[in-house]
Amino acid sequence: MQTLPPWPYPRLVAHRGAGSLAPENTLAAMRVGASFGYKMVEFDAKLSQDQVAILLHDADLERTTNGRGNAADQPYAALTKLDAGFWFDVAFRGEPIPTLEAVAQYTLAQNMASNVEIKPTPGLEALTGTAIARQVAHYWQGASVPPLLSSFSLTALEAAQKEAPNLPRGWITKELDKNWREILTRLGCVSIHLHHRALTKRLLGEIHSAGFRVTIWTVNDPARAATLLKWGVDSVITDALDLIDPK
Ligand code: G3P
Ligand code: MG
């Protein structure tokens, strides 16, 4: 039985800032998350062409902004002109794509913890892992609760580990690879971030016994969230801020 690493994080985490209640990955979403009492937010970070870290889930801009093409092909100066709120609701018209720096300032001021998901544009995994880790280490320097880095990309996690070994890391996966122990150990991860359908109570016990924390995504049914928390899951990421009380 391994000792579990420190876990200074709340048990409930707002997905993409405010789940489904505001335009994802914006500062407006962070504010909505805070208004529901959430003390931790998960969000997706990638790079502009000139390597400014920004929040955006998809590689391309179409779904969540009025831009076209991949964010990685445009300099940050061009991305600042885009509207990342109107697609969601007219009330959010003019909401910009935030920089990682702006989100760091906001979350630190609000005493909110952050789960920075490194979401590289395909082909830029190592570059993104290095740049995001470097910028997170800089913007959150001296934070009482360190941001938790996570990624589906093993390459990005490896690059982050090299760049900022002291930042905690979690590996996101939809299904559990049979080599999960080796992967988590090799990448120096503190946690695995599993799709909720991939978890059983028994598996949770095995992962904890191996010395890793468990974050589960994305759980929107309050009864399911309650069950997982009762099992002893370390954190649950949710869109249902209006249904799941973070206290
Ligand atoms: O961090 C967990 C979750 O956000 C992963 O999926 O696609 O919502 O970024 P996705
Ligand atoms: Mg994510």
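## Ligand 1 and its surroundings

In this predicted model, an N or O atom in the side chain of H57 is 2.7 Å from an oxygen atom of ligand 1. The protein covers 91% of the 300 Å² of accessible area that ligand 1 has on its own. H15 also places a polar side-chain atom 2.7 Å from an oxygen atom of the ligand. For D44, the separation between a side-chain N or O atom and an oxygen atom of ligand 1 is 3.2 Å.

The residues around ligand 1 are H15, R16, E42, D44, H57, E117, K119, F152, I172, W217 and I237. Sorted by class, this shell has five charged, four nonpolar and two polar residues.

## The magnesium site

Three protein residues donate to the magnesium ion (ligand 2): E42 and E117 through OE, and D44 through OD. These donors lie 2.0 to 2.2 Å from the ion. Their spacing in sequence is E-x1-D-x72-E. The pair D44 and E117 links distant parts of the chain, since D44 is in strand β2 (residues 40-47) and E117 is in strand β4 (residues 113-118), 73 residues apart. E42, D44 and E117 are also among the residues around ligand 1.

D44 has a relative accessibility of 1% and therefore counts as buried. E117 is likewise counted as buried, because its relative accessibility is 4%, and the cut-off for buried is under 20%.

## R16 and its backbone

R16, one of the residues around ligand 1, is found in the loop between β1 (12-14) and α1. Its relative accessible area is 18%, so R16 is buried. Most residues other than glycine have a negative phi. R16 has a positive phi, near 55 degrees, and is not a glycine.

## Helices α1 and α3

The buried residues of α1 are L27, A28, A29, M30, V32 and G33. Among the elements that cover them are β2, β3 and α3. After α1 comes G37, with a positive phi near 90 degrees.

In α3, the buried residues are L100, V103, A104, Y106 and T107. They pack against the helices α1 (27-35) and α4 (125-139), and against the strands β2, β3 (53-55) and β4. β2 and β4 are the strands that hold the magnesium donors D44 and E117. Just after α3, N111 takes a positive phi of about 60 degrees. N111 is a residue other than glycine and lies in the loop between α3 and β4. With a relative accessibility of 62%, N111 counts as exposed, because the cut-off for exposed is over 50%.

## E95 in the loop before α3

E95 sits in the loop between α2 (76-79) and α3 (100-109). Its relative accessibility is 13%, so E95 counts as buried. Leaving out residues up to four places away in sequence, E95 touches T26, L27, A28, R31, L82, D83, A84 and G85. Of these, L27 and A28 are also buried residues of α1.

A polar atom of the E95 side chain lies 3.2 Å from the backbone nitrogen of A28. P23 is 72 residues from E95 along the chain, and the C-alpha atoms of the two are separated by 8.6 Å.

## H208 and A198

H208 is in helix α7 (residues 201-209). At 15% relative accessibility, it counts as buried. The side chains of H208 and D234 make a polar contact of 2.7 Å. Apart from residues up to four places away in sequence, H208 touches Q2, L4, R213, V214, G232 and D234.

A198 is found in the loop between β7 (191-195) and α7. Its relative accessible area is 23%, so A198 is partly exposed. Its contacts, leaving aside neighbours within four places in sequence, are K174, E175 and L203. The C-alpha atoms of A198 and P23 are 28 Å apart, for a pair separated by 175 residues along the chain.

Terms used
Residues numbered from 1 in each chain as written. Chains lettered and ligands numbered in written order. Predicted model: local features only at pLDDT ≥ 70, side-chain atom pairs only at ≥ 80, totals over all residues. Heavy atoms only, no water. Donors = N, O, S within 2.8 Å, 3.2 Å for Na, K, Ca; no water. Helix = DSSP H or I, 4+ residues; strand = E, 2+ residues; numbered from the N terminus. Buried < 20%, exposed > 50% of the residue type's maximum accessible area, 1.4 Å probe, protein only. Polar contact = N/O pair within 3.5 Å; in protein donor to acceptor, adjacent residues only side chain to side chain. Contact = heavy atoms within 4.5 Å. Near = heavy atom within 4 Å. Areas by Shrake-Rupley, 256 points an atom, 1.4 Å probe, with all protein chains shown as cover. Nonpolar A, V, L, I, M, F, W, Y, C, P; charged D, E, K, R; others polar.
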